[in-house]
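Thanks for coming. Please have the sequence and the model open while I talk. I will go through the sheets, the core and a few contacts.

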Amino acid sequence: MKTVVTRPYQRPYADPIAVTAGTLVTPDFDKQTDIAGWVWCTAAGGRSGWTPRAWLEQIDGGWKITRDFNALELTVEVGDRLEILEEESGFYLARSAGGQTGWVPCENVA
């Protein structure tokens, strides 16, 4: 699906968590966000970011991510065109016209 940005959005951090399926992560269920469905997670290398709760699975003594995941968000401006790849808990995973892939809040695009 193709869409256009209706409100600008600034990426909150440059080097967030990026992991492959099966990677162990440490979730912080006490850290709060205003968007339901996301949990702050840290990977073994120390990189952290908001991770879809639906993509976490509890295993003996910890948690793993069930899908490849990169928490990189896109900085976008009004009028930017995006290709929506999927939707998860109030965010779109999108590809910019320049080919960069990242997350953008659903409320910022039409």
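**A walk through the model**

Let me start in a loop: Ser89 sits between β9 and β10. Strands here are DSSP runs of E with at least two residues, numbered from the N terminus. The phi angle of Ser89 is near 45 degrees, which is a positive value in a residue other than glycine. Ser89 is partly exposed, at 25% relative accessible area. By the cut-offs used here, buried means under 20%, exposed means over 50%, and partly exposed is in between, with a 1.4 Å probe and protein chains only.

Two remarks on the source. This is a predicted model, where local features need pLDDT of at least 70 and side-chain atom pairs count only at pLDDT 80 or more, while totals for chains, interfaces and linings use all residues. Residues are numbered from 1 along each chain as its sequence is written, and side-chain values use heavy atoms, with hydrogens and water left out.

**The sheet around that loop**

Which strands make up the open sheet of 4 strands, and in what order? The order is β1-β9-β10-β11, with antiparallel pairing. Two strands count as paired if DSSP finds at least two bridges between them. β1 (2–4) and β11 stand at the edges with a single partner strand each, so one side of each has no neighbour in the sheet. On average, neighbouring strands of this sheet are turned by 50 degrees against each other, direction ignored. That angle is taken between axes, which are lines fitted to C-alpha atoms; angles run from 0 to 180 degrees between N-to-C directions.

β9 and β10 run antiparallel and are joined by 6 bridges. In one of these, Glu88 has Phe91 of β10 as its bridge partner. As background, strands of a sheet pair through backbone hydrogen bonds, either parallel or antiparallel.

**The other sheet**

There is also an open sheet of 5 strands, again antiparallel, in the order β5-β4-β3-β7-β6. Its edges are β5 (48–52) and β6 (56–59); each has a single partner strand, so one side of each is left without a neighbour in the sheet.

β6 pairs with β7 (residues 62–65) over 4 bridges, in the antiparallel sense. Within that pairing, Ile59 is matched with Gly62 of β7. β7 is also joined to β3 by 2 bridges, and these two strands run antiparallel. Here Leu24 has Lys64 of β7 as its bridge partner. On to β4: β3 pairs with β4 over 4 bridges, antiparallel, and Pro27 is matched with Cys41 of β4.

Which side chains of β3 are buried? Val25 and Pro27 point to one face and are buried, while Leu24, Thr26 and Asp28 point to the other and are not.

Just before β3, Gly22 lies in the loop between β2 (18–19) and β3 (24–28). Gly22 touches Lys64 and Ile65, leaving out residues up to four places away in sequence; contact means heavy atoms within 4.5 Å. The C-alpha atoms of Gly22 and Trp63 are 9.1 Å apart, although the two residues are 41 places apart along the chain.

**The core**

Nonpolar side chains tend to be buried together in soluble globular proteins. In this model, the largest nonpolar core has 29 residues, and those with the most contacts inside it are Ile17, Leu56, Phe69, Val76, Leu82 and Trp103. Such a core is a set of buried Ala, Val, Leu, Ile, Met, Phe, Trp, Tyr and Cys residues joined through side-chain atoms within 4.5 Å. β4 gives the most to this core, with 5 residues. Leu82 touches a list of residues from beyond four places in sequence, including Met1, Val76, Ala94 and Val109.

**Salt bridges**

How many salt bridges does the structure hold? There are 4, each being a side-chain nitrogen of Lys or Arg within 4 Å of a carboxyl oxygen of Asp or Glu.

One joins Asp15 and Arg47, at 3.1 Å from N to O. Asp15 is in the loop between β1 and β2 and Arg47 in the loop between β4 and β5, so the pair ties together parts that are 32 residues apart in sequence. Asp15 is exposed, at 53%, and Arg47 is partly exposed, at 34%.

Another is formed by Glu86 and Arg67, at 3.0 Å from N to O. Glu86 is in β9 and Arg67 is in the loop between β7 and β8 (69–70), 19 residues apart.
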